[in-house]
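I opened this entry to keep a record of what I looked up, beginning with the cysteines and then turning to the overall build of one chain.

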Amino acid sequence: MELPKIRQHGTSDTGPAECDQTGSRGLRIEPLARRPWWKVVGEIDLKARDDWDAFLESMVATRSDVYLDLSELEFIDTNATAALVRTADRLGADRRLVLNRPPATLVRLLHLFWPEAVPTIEVQAR
Amino acid sequence: MTTTPLSSADPFVHPALFYRDDAEYLAGTVPFITDGLHTGEPVAVSVPGAKLDLLRAALGELGERVRFLDMTVVGRNPGRIIPGVLRAFADLHPSRRVRIIGEPIWPGRSDAEYPACVQHEALINHAFTGRMVSILCPYDTTGLSTQVLDDAVATHPVLIDADGQRDSGRYAPDRIVDAYNRPLLPPPPAAVVIPVHLGRMSDARRLTAEHARGLGLTEERVDDVLLSITELATNSIVHGGGAGTVHLWAENEHLVVQVSDSGHITDPLAGRIPAATAQTGGRGLLLVNHLADLVRVHSTRQGTTIQARFRRS
C-alpha cells in the first residue's frame, strides 16, 4: 500500500519531535509496524488543524479501514474531534474507524456533541 | 392555561410565574404540568431541589411521566441552560409541543451569577422563536429583590400571579441583554498572565494545568479547564484579532479562567445553541458553557472578555 504523505509538526533537525522553539509538543503521525495502524502523538489544536484534516483526508482516500493508535495523543480539541466524526461518516457503513486508547476527553466530547456517531467509531481500551 | 400564545403568531410561550409561597407555587405549576400530560405533551421540570421535592410530592404517580432535573446542578451555569436543558429536551420532541418549567433564578444566586441568569432569561425568547414550546419560569417574590422581579417583567412577554395572567407591558429582552453586558471585575494583581497566539497554545495548556493542579482540581476537572482555555484561545486567534490574553486566579472556591481579545461577539446566542451534527466549527463557547460552573461574557466593539469559573472541589 502506498502510504499517505504526512507533514509533521514539532520536528527539528537536531532532536526528537518533542519540542519546537516555543516549547509546543506539536503533532506527529507515523505508521506502525503492525500495519495498517497509525500512531498519533502529541496535541491536535488549531495549530495542527490543517495537518490533521489532511491526514484524515488521506485515510478516507485509501479505501481501507482506518486504525488509529491514540495512546500518546495528549490533547484534541472539538474541531479535531468533529473532523474525526466526519471521517467516520465518510467511511460509511462498509469501512471501520478504530481508535486504540483515545484520551478520555475525546470520548467525552463524542458523547456530548455526537452521541449518534458513537456507535460508528470503534474504541479499543487495550 | 398558557397552552396557546396570547397575542401573536409565535407558538413559543414564555410566562413568568410570580409566587409568594409553596401554595401559590403549586397552584401555578401543577396545572401547567397536568394539562400538558393530559394532552400528551412531554413535560420537563428543572427547578431547585427543594421545589423538585415539593412538585414530586404534589404530583404523586403523575410525576413518573415528568422529567425532573435539579436546576442548581444542570443550570448552575446559566449559559448551559438553553443548550443543555431546554433545547436538549425540546429537540427530543421536534414535532410536538413540549412544556418545561425552568427556574434559573433563586434567592441563593450570587452577584457574579445574576447577570448571566437574567441574560439567559432574555435570550430564551430568541432561542425559541417559532418553536412549539412552553416554558414557565417561577419567581420567588418573597426571596428575590425588587430589581430581579422588575427584570423578569422585561424578560417575559406574559406574567402570571395569584390574580391571573396578563401581558407584561414592559417586555424588552434586548434591553436586558445589553444592560447586563457589563465590564467584568479585573483580575487580581496576583493573577497568572499568559499571552496566547497560535504558537503558544500548548504552553498555555501546560501552565494552566500546573496552576489548576496546584489549586486542587481533579484530573478530570483539569481536562475541562484545558479544553475550555483551548476553545477560548482558539476563538481569540480566529475571531479576536489573532491573539488573546489569558488570566488565571483563584477566587474563593473557584479557579477563574479569563480570556480577553480584540474581537466583538455580535450574536448574543453564541455558545447557547446546540450545533448541528455536520457542523465542524462553532462549538467552542458552547463547550465552555457545558463544562464551566459559571461563564460571564463582556463584549463590545473594543473587545471581548470571557470569564469561566471552575469549582475546585
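Why is the sulfur of C137(B) not in a bond with the closest cysteine sulfur? I note before answering that this is a predicted model, and that the closest cysteine sulfur to that of C137(B) belongs to C117(B) and lies 12 Å away, which is too far for a bond. A disulfide would need the two sulfur atoms within 2.5 Å.

I then searched the whole structure and found zero disulfides over all chains. C117(B) is accordingly in no disulfide, and its nearest cysteine sulfur is that of C137(B).

Next I asked whether these two cysteines are buried or exposed. C117(B) is buried, with a relative accessible area of 0%, and C137(B) is buried as well, at 1%.

Turning to chain B as a whole, I counted ten helices and twelve strands in its secondary structure. I looked up its radius of gyration, which is 20 Å and close to the 20 Å that the globule rule gives for 313 residues, so chain B is as compact as a globular protein of that length. Its C-alpha atoms fill a box of roughly 60 × 40 × 35 Å along the principal axes.

I also recorded that buried residues make up 56% of the 313 residues in chain B, and that, of its contacts with a separation of 6 or more, 70% join residues 24 or more positions apart.

For the surface, I noted that chain B exposes about 12,800 Å², with carbon and sulfur atoms supplying 52% of that area. My last entry concerns charge: chain B carries 29 positive and 35 negative side chains, and the centres of the two sets lie 4 Å apart.

Conventions: Residues are numbered from 1 along each chain as its sequence is written. Chains are lettered from A and ligands numbered from 1 in the order in which they are written. This is a predicted model: local features need pLDDT of at least 70, side-chain atom pairs count only at pLDDT 80 or more; totals for chains, interfaces and linings use all residues. Side-chain values use heavy atoms; hydrogens and water are left out. Buried means under 20% relative accessible area, exposed over 50%, partly exposed in between (1.4 Å probe, protein chains only). Helices (H or I, at least four residues) and strands (E, at least two) are DSSP runs, numbered from the N terminus. The radius of gyration is taken over C-alpha atoms; the globule rule is 2.2 Å times the number of residues to the power 0.38. Contact means heavy atoms within 4.5 Å. Accessible areas come from the Shrake-Rupley method with a 1.4 Å probe; for residues, only the protein chains shown count as cover. Lys and Arg count as positive and Asp and Glu as negative; His and the chain ends are not counted. The place of a charge is taken as NZ of Lys, CZ of Arg, CG of Asp or CD of Glu.
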